[in-house]
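This report looks at cysteines, backbone angles and surface charge in one protein chain. The sequence and the coordinates come first, and the discussion follows them.

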Amino acid sequence: MDEKIVKIQYQDKKIYLIPAAHVSTESVELVKETIDEVDPDSVCIELDDARYENIQNENRWKNTNVIDIIRQKKVGLLIANLVLSSYQRNIAKKLKTKPGQEMVQGMISAKEKNANLVLADRDIQVTFLRIWRSISFVEKMKLLFSFLFSMDDDEEISEDDLDALMAKENLTTVISTMGDEFPQIAEILLHERDQYLANKIKNAPGEKIVAVLGAAHVPGISEEIFKDQDMKKITTIPKPSNVGKILPWLIPLTIIGIIIYGFVVNVQTGFAQLKTWLLWNSLFAAIFTIFALGHPLSILTAFIVAPFTSLNPFLACGWFAGLVEATVRKPTVEDVENIPEDIFSFKKILKNRFLKALVIVIFANIGSTIGTIIAGTNIIKMVFH
């Protein structure tokens, strides 16, 4: 048996952990050889139900409707999914492979051996939402830009490079670095999933269990197998804090209160405040939509709705601008098919109608937020100076 395989005796179970790279042909061969040799009762794969369905139907994601995504307020979630999947697709393309083939091989081999197939990973939506609810706005932006600028299209990647990365010493370094830069993200994306995967693996049916895993998870799972896991804790999506619930209402109510007070003190001051609020919000929302090369109707929409959406926590300027953009410039099948390559080039993003609509949602919201800060500051100065 290959020396990379981690063998664990847990109670009456023999567990074999296969450290794999999601874009490596050697990992596919390793999965097949190990399952053939072990002849397991269960094969665990690092997939949840949604990703299992996507692998079964590769073209399913191409039917994604950008308008529905905006309406369902899932733009951030979709972008995170697209960046991660596109990163893997680009590496796989350089290696002339397909991402996730080691999982596919696990599915095929499990069927051939009449073994139970266990989808051992936590729901990807739960993972992303736990991350999104746990990190600050600054950390979200830092994470997004680190993904966007970490991929060098001209960088050559070989199977040897992947083998080197999968070496235990290198993996430990990568995990440690991630923990230093994004501690909260590393905890949820890596360590919590180690706990979840370990629990599913050790509770899989039968006495011989083979688990196909991303190599970064193997060190943590090897330890977690012998621990107790609080599954409820790591599968619960955190609710917004009380501060998070109150703050979105506190700001607009304060702005409205100050403007009303301005009218009470001096009608001219009140009108000046109102004008300031309308102008700065509209101006910055429109300017940022222009930066994203939005359609004139999208720019006009951002300009009109920004002052009003800024006063309602349940609405966002970018949603309206993005919906108009996606309606006027409907994404084509080609746009969707080009996402894996286009998402790592800002120039290509702005030419891809699907991605541009998502960018306009973000940019219009950023512009409106900046306008709100400037307008709010000026409004307060008008009353107290």
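## Cysteines, backbone and charge

Under a criterion of cysteine sulfur atoms within 2.5 Å, the count of disulfides comes to zero. The model is a predicted one, and the statements below should be read in that light. Two cysteines can be described by their accessibility: Cys 44 has a relative accessible area of 1% and is buried, and Cys 317, at 2% relative accessibility, counts as buried as well. Both assignments follow because buried means under 20% relative accessible area.

Turning to the backbone, Gln 11 has a phi near 50°, which is a positive value in a residue other than glycine. Gln 11 lies in the loop between β1 (6–10) and β2 (13–20), and its relative accessible area of 64% makes it exposed. Asp 39 likewise has a positive phi, near 55°, and is a residue other than glycine; its place is in the loop between α1 and β3 (42–45). With 38% relative accessibility, Asp 39 counts as partly exposed.

| Residue | Phi |
|---|---|
| Gln 11 | near 50° |
| Asp 39 | near 55° |

On the surface, a negative patch is formed by Asp 2, Glu 3, Glu 26, Glu 29, Glu 33 and Glu 37. Where is Glu 26 placed? Glu 26 is in helix α1, which covers residues 25–38. Glu 26 is partly exposed, with a relative accessible area of 34%, and it therefore meets the accessibility part of the patch criterion, which asks for over 30%.

Notes:
Residues are numbered from 1 along each chain as its sequence is written. This is a predicted model: local features need pLDDT of at least 70, side-chain atom pairs count only at pLDDT 80 or more; totals for chains, interfaces and linings use all residues. Side-chain values use heavy atoms; hydrogens and water are left out. Patches are made of residues with over 30% relative accessible area and no salt bridge: like charges are joined within 9 Å, nonpolar side chains (Val, Leu, Ile, Met, Phe, Trp, Tyr) within 5 Å. Accessible areas come from the Shrake-Rupley method with a 1.4 Å probe; for residues, only the protein chains shown count as cover. A salt bridge is a side-chain nitrogen of Lys or Arg within 4 Å of a carboxyl oxygen of Asp or Glu. Lys and Arg count as positive and Asp and Glu as negative; His and the chain ends are not counted. The place of a charge is taken as NZ of Lys, CZ of Arg, CG of Asp or CD of Glu. Helices (H or I, at least four residues) and strands (E, at least two) are DSSP runs, numbered from the N terminus. Buried means under 20% relative accessible area, exposed over 50%, partly exposed in between (1.4 Å probe, protein chains only).
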